[in-house]
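Reader: I should be grateful for a close look at a single strand and its pairing partner, followed by a connected account of the other parts of the model that deserve attention. Please proceed residue by residue where that is useful.

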Amino acid sequence: MGFRKDFVWGSATASYQVEGAAYEDGKGLNIWDVFCQEPGKIYQGQNGDVSCDQYHLYKQDIADMKEMGQKAYRFSLSWARILPDGEGEPNAAGLAYYDALIDELLRQGIEPYVTLYHWDLPYALHQKGGWLNPDMPRIFEQYAALVSRHFSDRVKYFFTLNEPQCAAGLGYYTGDHAPGLKVGKRDFFAVWRNLLLAHGLGVKALRENAKQPIQVGAAPCSALYYPASDRPEDIEAARTAMFTLPSRDVNDFIWSIASWCDPVFFGRFPQDAVDYFGDCLPQLTKEEAAIIAQPLDFYGQNMYNAVMVRAGKDGKPERVERYDGFPKTAIQWPVTPECMYWAPKFLYERYQKPFLITENGMSSHDWVALDGKVHDSSRVDFMHRYLREYRRAAEDGVDLMGYLAWSSLDNFEWAYGYSERFGLIYVDYQTQKRTWKDSAYFYQETIRANGDNL
Ligand code: BGC
C-alpha cells in the first residue's frame with residue numbers, strides 16, 4: 001500500500017513571485033511592488049517586476065508541468081491585477097489573463113488550485129489601513145465572490161489565504177515582509193481577527209457564488225514538531241508541543257498552528273492563548289465564531305521543517321538542540337524529513353480533514369553545469385526522504401490527498417530576492433531560459449510510479 005490512486009501530484013507558485021508584468025495591462029500597485037522600492041528591504045534591492053515572467057510565458061511553464069506528469073498547479077491570483085483598487089470595478093485584462101491561464105491548464109489536463117491571497121494586498125487597500133482596517137473582511141468577501149462568479153465554472157479547488165501567519169506576523173509584527181509594519185500587540189491581534197473573518201467570509205462567498213460544487217481549504221504554515229524517539233512519552237511531548245504555546249511571546253502565538261486552526265475549525269481560540277493574551281485577544285461573538293469556522297473540505301499545510309522534542313523529566317516537551325553541522329538547505333533551514341510523517345498525523349488527528357501538502361521543497365545553490373544540466377542532487381535526496389516519510393503517513397491511515405512541490409520553477413523569494421532557488425526548474429533570469437533540474441526528472445519518475453519508487 002502506498003499513496004492512493006487518485007493522489008494529486010503537483011507544484012505551486014504565487015502571483016508576485018512568478019508573474020512579473022507588474023505594470024502591465026492595468027494591474028494596480030500592491031504592497032510588494034511598493035515594499036521592494038524601499039531601500040534595504042530586499043536582497044540587493046531586487047523586485048518582482050519581471051521575475052520569471054510567467055505572465056507571458058505561462059504556456060511554456062504549463063507544458064513543462066504536463067511533461068513532468070503534474071496533475072495540479074497551485075497558483076495565486078494577483079488581487080490588484082483583478083481589482084486595481086482592491087474593490088470596485090474589475091480590470092478586464094486581469095481577468096482575461098487568469099482565464100487564459102486556467103483554460104490552458106485545463107487543456108493540458110492540469111487541475112487549477114487557486115489561492116485568493118498570497119500576500120500581495122492591493123496598495124489602495126493598504127492606504128485604507130490594510131489588514132488593520134475592520135472593513136477588510138467585507139472587502140475580501142466581495143473579492144472572493146467576484147472570483148467565484150468568474151472562475152468557478154472551471155475551477156474546483158480554492159484556498160482563501162496563504163500562510164496568514166506570515167501575512168500578519170512578518171507583515172505587521174516583525175516588519176520583515178510588506179507592508180513592513182511593526183505594530184504593537186493589540187493591533188497585531190486586530191490584524192489576526194480581520195484575517196480570520198476574511199477567511200470565513202471568503203469561504204462563504206466562494207461557495208455561495210460557485211457555479212459547480214467546489215472544494216475549499218486553507219494553506220497555513222506553522223512551527224511543527226516531531227518526537228526524538230518512538231517512546232510514547234516522546235510522541236506525546238511532540239503532540240503537546242504542536243498544539244500548545246511555549247510562552248506568552250506573541251511570536252509563539254503567531255507560529256503555533258492552533259492559534260489559527262482552532263478558530264478556523266472549532267470556532268474558538270485555544271485556552272492557553274486566552275489565558276496568556278486574554279486582555280487583547282479578540283473576543284469573538286457567536287456569529288463571528290460561526291463565520292470563521294465555515295466547514296472546509298480539506299486541510300492544506302505548507303511545511304518545510306520541524307523541531308525535535310522529547311519528554312523532559314516532568315513529561316513536558318523539551319526541545320532537542322540540533323548538533324553542529326546538522327543538515328541544512330541553502331537558506332539555512334534544517335532538513336527534517338520526519339515532519340512529513342508526524343505533522344500530517346498530528347494535524348489529521350486534531351482537525352480530521354483529508355490532508356494536502358500545499359508547499360514543500362528546498363532552496364539550493366543550483367547552476368547550469370558544463371554539460372548543460374542542473375545537478376541538484378541535494379534536492380533529489382531531500383524529496384526522496386521527505387516523500388518517503390509522507391508515504392509512511394498514508395500507510396498509517398492518514399487520509400492524504402496530495403503533494404504540491406514548492407516550487408514549479410525558481411522565482412522571487414520575497415526578502416531574499418533571487419538569491420534562493422526553490423524550483424524544480426532552473427530559471428536564467430537574464431534570458432528567461434528554463435532548464436529542468438535533476439529533481440524535476442526525479443519528480444517525473446515519482447509521479448509516474450505514484451511514489452512506489454521511493
Ligand atoms: C511561502 C512561499 C515561499 C516559500 C519558501 C512559503 O512560506 O508561501 O511564498 O516562497 O515558503 O520560503
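## A strand and its surroundings

Author: G300 stands opposite L356 in β10. The model under discussion is a predicted one. The strand to which G300 belongs is β7, residues 299–302, and both of its faces are covered. Y299 and Q301 lie on one side, G300 and N302 lie on the other, and all of these residues are buried. The partner, β10, spans residues 355–359; β7 and β10 run parallel and are joined by four bridges.

Strand β2 may be read in the same manner. In a regular strand, the side chains point alternately to one face of the sheet and to the other. For β2, A72, R74 and S76 take one side, whereas Y73 and F75 take the other, and every one of these residues is buried. Since five of the five residues of β2 (72–76) are buried, the strand is largely enclosed by the rest of the structure. Pairing adds to this picture. Strand β1 (residues 8–12) runs parallel to β2 and is joined to it by three bridges, with Y73 serving as the bridge partner of S11. Strand β3 (residues 111–117) also pairs with β2 in the parallel sense, here over five bridges. In that pairing, S76 has T115 of β3 opposite to it.

The next region is a loop. S51 is situated between α2 (31–35) and α3 (54–68). Its relative accessibility is 4%, and S51 therefore counts as buried. The side chain of S51 comes to 2.6 Å from the backbone oxygen of Q17. With neighbours within four places in sequence left aside, the contacts of S51 are Q17, V18, G20, F412, Y418, Y429 and Q432.

Helix α3, which follows that loop, leads to the enclosed space. Six cavities of 30 Å³ or more are counted, and the largest cavity holds about 60 Å³ of space. Its lining consists of D61, D64, M65, M68, Q70, S408, L409, I425 and R434. The most is given by α3, with four residues. By character, the lining of the largest cavity comprises four nonpolar, two polar and three charged residues.

Helix α17 (residues 438–448) has α3 among its packing partners. Its buried residues are S439, A440, F442, Y443, Q444, T446 and I447. They pack against β1, α3, α16 (377–395), β11 (400–406) and β13 (433–436). The helix is followed by N450, which has a positive phi near 50°. The relative accessibility of N450 is 19%, and N450 therefore counts as buried.

The open spaces come next. The largest pocket has a volume of about 920 Å³. It is lined by 39 residues, of which C166, C221, W255, N305 and W333 are the closest to its centre. Helices α8 (164–173), α10 (232–243) and α11 (250–255) are the elements that give two or more residues to this lining. In composition, the lining of the largest pocket divides into 23 nonpolar, nine polar and seven charged residues.

The second largest pocket contains about 240 Å³ of space. Y225, T240, A241, T244, L245, P246, Y276, V309, K316, P317, E318 and R319 form its lining. Two or more residues come from each of α10 and β9 (317–319), and β9 gives the most, with three residues. The lining of the second largest pocket has seven nonpolar, two polar and three charged residues.

Several backbone features remain for inspection. The peptide bond from A178 to P179 is cis, with omega near 5°; P179 belongs to the loop between α8 and α9 (185–208). A cis peptide bond also joins W406 and S407, where omega is about 15°. S407 is placed in the loop between β11 and β12 (425–428). Q332, a residue other than glycine, has a positive phi near 80°, and its place is in the loop between β9 and α15 (339–351).

To return to the strand with which this account began, β7 is covered on both faces and is joined in parallel to β10 by four bridges.

How values were computed:
Residues are numbered from 1 along each chain as its sequence is written. This is a predicted model: local features need pLDDT of at least 70, side-chain atom pairs count only at pLDDT 80 or more; totals for chains, interfaces and linings use all residues. Side-chain values use heavy atoms; hydrogens and water are left out. Buried means under 20% relative accessible area, exposed over 50%, partly exposed in between (1.4 Å probe, protein chains only). Two strands pair if DSSP finds at least two bridges between them. A polar contact is a pair of N or O atoms within 3.5 Å; within protein, one must be able to donate a hydrogen and the other to accept it, and residues adjacent in sequence count only if both atoms are side-chain atoms. Contact means heavy atoms within 4.5 Å. On a 1 Å grid over the protein atoms alone, a cavity is a set of points where a 1.4 Å probe fits but cannot get out, and a pocket is an open set with protein on both sides within 12 Å along at least five of seven lines; lining residues have an atom within 4 Å of a point. Grid points are joined across faces, edges and corners, and a volume is the space filled by probe spheres set on the points. Ala, Val, Leu, Ile, Met, Phe, Trp, Tyr, Cys and Pro count as nonpolar, Asp, Glu, Lys and Arg as charged, and the others, Gly among them, as polar.
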